[in-house]
Amino acid sequence: MRYTKIIVSVLFFISLAFVGCTDEQVLDNETIEETNISSTRAVEITDYYWYQGKKIGLKKNESKKFILFRQEDVMKLNANFANFKFTDSPSEVKISPKVQNSKATTLGSSLMWASIETSESLMKYSEILYEAPYFITEDGYELGISHLFYVKLNAKEDVEELTKMAADFNVEIIGNNEYMPLWYTLGCTKSSKGNALELANIFYESNSFADAHPDLMTAIITSCVNDTHFNSQWNLLNTGQNNGTFGLDIRYCGTRSITSGSNGIIVAVIDHGIQLNHPDMNVHPISYDTETGTSPSIVRGNHGTACGGIIGAVSNNNLGVAGIASNSPLMSISNNLISAPDYNQKVADGFNFATTNGASVISNSWFSPTPQAILTDAIQNAISNGRNGRGCVVVFATGNDNSAVRYPANAIPDIIAVGAMSPCGERKSPTSCDGESWWGSNFGTTLDIVAPGVFIPTTDRTGSAGYSSGDYFLTFNGTSSACPHVAATAALILSENPLLTQRQVADIIESTAQKVGNYSYSSTSGRPNGTWNQEMGYGLLNTFAAVAKVKSETLSFSNQSIYSNLFAGKWNVVANNVSVSNNAHLTLNFGEQITINPPFTVNIGSQLSIYR
């Protein structure tokens with residue numbers, strides 16, 4: 001992929017105005033041209049199709065194409081397109097055997113198709129008979145559009161009108177269905193006056209037919225990553241596992257089209273300690289044991305490795321489970337999590353260590369029976385002073401005794417309090433569909449959001465040391481398993497915009513939640529981020545919508561002093577009155593346009609890098 005990189009390393013004070021630069025200034029003409037190139041933002045609706053009289057919005061994926069070609073050209077295609085990445089092996093096009101009068105098209109009888117990663121138009125190549133972009137649905141799932149579309153006649157006599165329109169738009173009528181004879185299959189080529197999506201809309205909007213619909217390829221129903229236990233991870237892609245309800249998940253697959261996290265966004269897990277050498281875990285080199293006050297952390301139980309895997313198990317590596325924010329490293333902070341002298345101060349030490357050592361998010365899958373001022377103070381310090389004053393995002397489990405939200409989740413309004421949801425879209429309770437009658441997710445006035453919390457596949461201590469005899473535990477449960485989903489989502493949000501405050505991250509998570517289940521969500525005093533319910537909070541976590549909301553917005557930072565290394569980008573960037581000092585390295589990665597207004601200063605020994 002083409003990109004522009006500008007690195008400014010200075011030994012003295014400089015002030016840069018990046019808009020309207022001359023050739024002698026920092027950006028050359030080519031760079032200025034590139035900064036004004038427009039690109040499609042996440043969840044921006046650019047296309048649509050009709051379904052039951054309603055428009056269904058789609059976002060075009062400019063970097064992936066469906067292509068059609070002849071079987072005899074496969075070898076030539078492979079040779080000429082060696083620099084392109086095929087995401088599917090070429091496959092034969094097979095029309096339903098129930099299509100009557102189906103015939104070899106004018107292109108030939110042996111047609112092949114494949115999907116290919118490229119933003120380049122391939123129509124100029126003689127081997128390519130047809131191309132169409134892939135799309136992303138409003139829920140974040142990938143959708144392919146083949147060369148086919150379907151038209152339903154009002155009556156069989158309308159075939160004459162269909163024949164006329166097909167000729168007008170250079171579309172071939174392949175045949176009609178034996179079982180549903182009013183439905184006809186049509187095929188496009190590069191000579192057609194549009195792709196299958198566009199032509200289906202034209203035929204439908206002509207009002208000459210009962211219906212018209214493009215051939216939608218939704219292969220994502222199986223999986224979006226190749227981790228061996230992914231098909232059991234209903235929390236990430238709910239296809240009805242555990243007798244659950246199809247589609248009730250956190251929209252993980254759509255999220256992956258935007259981000260899997262960032263190496264610069266660290267998630268601290270205060271728990272029993274994560275197994276640092278687990279083969280399927282992205283672990284940060286810094287860790288800490290609160291009991292001894294030393295590094296590295298110590299594995300003091302099974303719970304921490306299970307919680308950490310939901311966040312940071314390596315994804316798409318043909319191994320184990322997929323983590324939600326697998327590119328964001330886990331900082332393991334270990335504690336016994338048992339009643340003992342000075343327990344609360346030691347846990348407080350864990351918060352202060354995480355805050356001091358660069359954690360952006362702190363995940364806590366535990367609760368305490370009684371509030372402790374020293375612990376509350378440490379949590380507040382992380383929220384108020386972490387991340388150079390922007391605040392660490394602190395996430396807590398609500399508890400598992402089917403009663404009110406427990407401490408510390410209820411201690412400070414800025415804590416994100418997470419309850420558990422069943423696979424059927426209910427608050428996890430003794431009577432929910434999962435059948436685990438011995439526990440329920442705590443709820444009430446301080447509940448913020450729910451996430452999947454039963455039958456959650458995750459990492460386990462290797463061998464026989466953990467919950468199971470292998471390296472993975474497939475039925476982890478409790479609000480302990482729900483909490484890391486939200487912590488991981490916070491990490492993904494900050495990976496897209498690390499300049500957000502902890503409160504802004506919480507607002508995004510809450511305002512994008514899914515209103516699921518048979519619950520009454522209503523406007524509630526003190527709940528500004530949408531309708532709310534005491535059993536479900538703002539609803540089910542929607543990781544894709546949360547991340548996409550950040551992705552679609554402009555990154556605007558003003559009156560900022562950058563003292564430590566910071567990476568920001570992937571959208572419009574506008575900077576006003578920014579100072580980089582203390583040997584910091586500021587990296588801006590923009591996808592569409594960057595505007596830097598003076599004063600913008602990079603002080604002695606500091607560095608600025610700009611990528612597109």
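The questions below ask how terms are applied to this predicted model.

The model is predicted, so that local features need pLDDT of at least 70 and side-chain atom pairs count only at pLDDT 80 or more, while totals for chains, interfaces and linings use all residues. Residues are numbered from 1 along each chain as its sequence is written, and side-chain values use heavy atoms, with hydrogens and water left out.

Q: Why is serine 297 called buried?
A: Buried means under 20% relative accessible area, exposed over 50%, and partly exposed in between, with a 1.4 Å probe and protein chains only; serine 297 has a relative accessible area of 9%, and is therefore buried. Of the 612 residues in the chain, 54% are buried.

Q: What makes the pair serine 297 and serine 332 a polar contact?
A: A polar contact is a pair of N or O atoms within 3.5 Å, where within protein one must be able to donate a hydrogen and the other to accept it, and residues adjacent in sequence count only if both atoms are side-chain atoms. The side chains of serine 297 and serine 332 are joined by such a contact of 2.8 Å.

Q: Which residues does serine 297 touch, not counting those up to four places away in sequence?
A: With contact meaning heavy atoms within 4.5 Å, serine 297 touches Ile274, Leu276, Ser287, Tyr288, Asp289, Ser332 and Ser334.

Q: What makes aspartate 401 and arginine 406 a salt bridge?
A: A salt bridge is a side-chain nitrogen of Lys or Arg within 4 Å of a carboxyl oxygen of Asp or Glu, and the closest N and O atoms of aspartate 401 and arginine 406 are 2.4 Å apart, as a salt bridge requires. A search of the whole structure finds 14 salt bridges.

Q: Why is aspartate 401 called partly exposed?
A: The relative accessible area of aspartate 401 is 33%, which lies between the two cut-offs, so aspartate 401 is partly exposed. Arginine 406 also counts as partly exposed, at 27% relative accessibility.

Q: How do you know that arginine 427 and glutamate 535 form a salt bridge, and why does the pair tie together separate parts of the chain?
A: The closest N and O atoms of arginine 427 and glutamate 535 are 2.8 Å apart, which satisfies the salt-bridge definition. Arginine 427 lies in the loop between strand 18 and strand 19 (449-452), and glutamate 535 in the loop between strand 23 (527-532) and helix 11 (543-551), so the pair ties together parts that are 108 residues apart in sequence. Arginine 427 is buried, at 8%, whereas glutamate 535 is partly exposed, at 24%.

How values were computed: Helix = DSSP H or I, 4+ residues; strand = E, 2+ residues; numbered from the N terminus.
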